[in-house]
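Subject: A structure for you to look through

Hello,

I am passing on the structure we talked about, and I would suggest opening it beside this message so that you can follow each point on the screen. Please take your time with it.

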Amino acid sequence: MVMVVVFIGPAGSGKTSLVKSFGSWIRRNLFLRVAQVNLDPGAEELPYKPIFDIRTMFSIRDVMKKYKLGPNGAFIKASELVAEQVDVILSKEPFTNISEWDVVLIDTPGQMEAFIFRPAGNVFFEKLSSLVNIVGVYVIDASAIGSLTDAITLWFLGLLAQVKTGIQIVPVVNKIDVARNVEYARLLIEAPEKLMEIARNEKQEGILSDLAPELVEIALKTKQALRPVEVSAVELKGMDELYYLVHEAFCTCGDLT
Ligand SMILES: Nc1nc2c(ncn2[C@@H]2O[C@H](COP(=O)(O)OP(=O)(O)OP(=O)(O)O)[C@@H](O)[C@H]2O)c(=O)[nH]1
Ligand SMILES: [Mg+2]
């Protein structure tokens, strides 16, 4: 059965780098057939050769020109175009010959507020998951976690992406080679409620410590049994761990701890 993996995450977290590195690693080590897909109309240069590239339909520059929009407006418009043309996208390879692939890796724009959190964002995920099983990988940038607030914000963003897309999402910590606070990055995945406890005990992070009890409750209610997977797309670290995590996520009986 084909594994379709959608990489989502904030701007610059390493989605494109991971689609490239993870794809190459799977080909080289597992000898599987990997198709890479680019759904980011704002991408300039891609480090991999996509089987489908949204820029063959429109790029952000095209959208800015045609609709006289700035870059942010163009990303919102582009997400609407993806929704309108989802059937056209799914009528192209690798979606039309999906059974010929073992793994399909989908790269998405970093503008999560345009691609995921707008109404049009659901259309693509709903349509794709009605055709094949998909798993989302939420890419967390380890170099972006300095403070407790950074970690809690990224935890929340992942939770919201899960709620909005309705697909199963597994988190991965990328850029472990340049991590600023590995401990917070691990807790964010393994035991987010402990981050909120720290906020309460330290009483340093203003409103966070006031909200800590409620945040602990949400963290416990939404907690998945997940092991923290730490990777580096640049140094090709942790690719085997990522593969096993994604593979297990496809099996509903998988134990992700
Ligand atoms: N040190 C380090 N840098 C990384 C890693 N992964 C990505 N980068 C760098 O982070 C920057 C952004 O990487 P991209 O792969 O373009 O990130 P993205 O999430 O696709 O970015 P957008 O599509 O713009 O949202 C690039 O300079 C990458 O070289 C990593 O594991 N370690
Ligand atoms: Mg990218």
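Below is what was found, starting with the ligand and then moving through the helices and strands.

Please keep in mind throughout that this is a predicted model.

The ligand

Around ligand 1 there are 17 residues, and those that come nearest are G14, K15, T16, S17 and G110. If you sort this shell by class, you will find 9 polar residues, 4 nonpolar and 4 charged. Helix α1, which covers residues 15-30, supplies the largest share of the shell, namely 3 residues.

Helix α1

Many residues of α1 are buried, including K15, T16 and S17 towards its beginning and F22, G23, W25 and I26 further along. What covers these buried residues includes the strands β1, β2, β4, β5 (134-141) and β6 (168-174), together with helix α11 (239-250). The length of α1 can be checked with a little arithmetic: at 1.5 Å a residue its 16 residues should span 22 Å, and because the end C-alpha atoms lie 21 Å apart, the two values agree. Just after the helix, F31 takes a positive phi of about 55°.

Strand β4 and its partners

Is strand β4, residues 103-107, mostly covered or mostly open? It is mostly covered, with 5 of its 5 residues buried. Both of its faces are covered, since V103, L105 and D107 are buried on one side, while V104 and I106 are buried on the other. Strand β1 (residues 3-8) pairs with β4 in the parallel sense over 5 bridges, and here V4 stands opposite V104. Strand β2 (residues 34-38) also pairs with β4 in the parallel sense, over 5 bridges, and in this pairing V37 has I106 as its bridge partner.

The nonpolar core

In soluble globular proteins, nonpolar side chains tend to be buried together. In this model the largest nonpolar core has 74 residues, and V5, F7, L105, A151, L188 and L195 are those with the most contacts inside it. Leaving aside neighbours within four places in sequence, L105 is in contact with V5, F7, V19, F22, G23, V34, Q36 and V37.

Helix α7

A151 from that list of core residues is also among the buried residues of α7, as are L148, I152, L154 and W155. For α7 (residues 148-165), 18 residues at 1.5 Å each should span 26 Å, and the end C-alpha atoms are 26 Å apart, so expectation and model agree. Just after α7, G166 takes a positive phi of about 75°.

Best wishes

Notes
Residues numbered from 1 in each chain as written. Chains lettered and ligands numbered in written order. Predicted model: local features only at pLDDT ≥ 70, side-chain atom pairs only at ≥ 80, totals over all residues. Near = placed C-beta within 6 Å. Helix = DSSP H or I, 4+ residues; strand = E, 2+ residues; numbered from the N terminus. Nonpolar A, V, L, I, M, F, W, Y, C, P; charged D, E, K, R; others polar. Expected span 1.5 Å × (residues − 1). Buried ≥ 20, exposed ≤ 12 C-beta atoms within 10 Å, placed from the backbone. Core = buried A, V, L, I, M, F, W, Y, C linked by C-beta atoms within 7 Å. Contact = placed C-beta atoms within 7 Å. Pairing = 2+ DSSP bridges.
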